Amino acid sequence: HGYLRDNRVEIERSMSRKTFVNDFAKMRYLSAIIKNSINQYKDTAKPERILDTPMEENKVVKYKRPERKKSLAELLEEAGNDQS
């Protein structure tokens, strides 16, 4: 979002210099420009603060780990033991 906003004119200029066979080719070219340039881009906008309330420390989390699902080999082994 920030990259497109900050580099809109440059991208439009680059797109207007090329001719495309169809809209798909145009989108692939735009995608390649963004993919190759986004890694070098540093957003100058300040990130929004998401949390306004401080987090509680030492909060006890109640979580029960789910039982592990049995593999097919384990199920067949149990079935074999039940029939004996």
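Colleague: Why is lysine 70 called partly exposed?

Modeller: Its relative accessible area is 46%, and partly exposed means between the buried limit (under 20%) and the exposed one (over 50%), with a 1.4 Å probe and protein chains only, so the label fits lysine 70. Mind that this is a predicted model: local features need pLDDT of at least 70, side-chain atom pairs count only at pLDDT 80 or more, and totals for chains, interfaces and linings use all residues. Residues are numbered from 1 along each chain as its sequence is written, and side-chain values use heavy atoms, with hydrogens and water left out.

Colleague: What makes the side chain of lysine 70 a polar contact partner of the glutamate 78 side chain?

Modeller: The two side chains come to 2.6 Å, and a polar contact is a pair of N or O atoms within 3.5 Å, one able to donate a hydrogen and the other to accept it; residues adjacent in sequence count only if both atoms are side-chain atoms. Lysine 70 itself sits in the loop between H3 (23-38) and H4 (72-83).

Colleague: And why is serine 14 called buried?

Modeller: Serine 14 has a relative accessible area of 16%, which is under the cut-off, so buried it is. Leaving aside neighbours within four places in sequence, serine 14 is in contact (heavy atoms within 4.5 Å) with Tyr29 and Ile33.

Colleague: How do you know that the span of H3 agrees with what it should be?

Modeller: The expected span is 1.5 Å times one less than the number of residues. With 16 residues, H3 should span 22 Å, and its end C-alpha atoms are 22 Å apart, so the two agree.

Note on methods: Helices (H or I, at least four residues) and strands (E, at least two) are DSSP runs, numbered from the N terminus.
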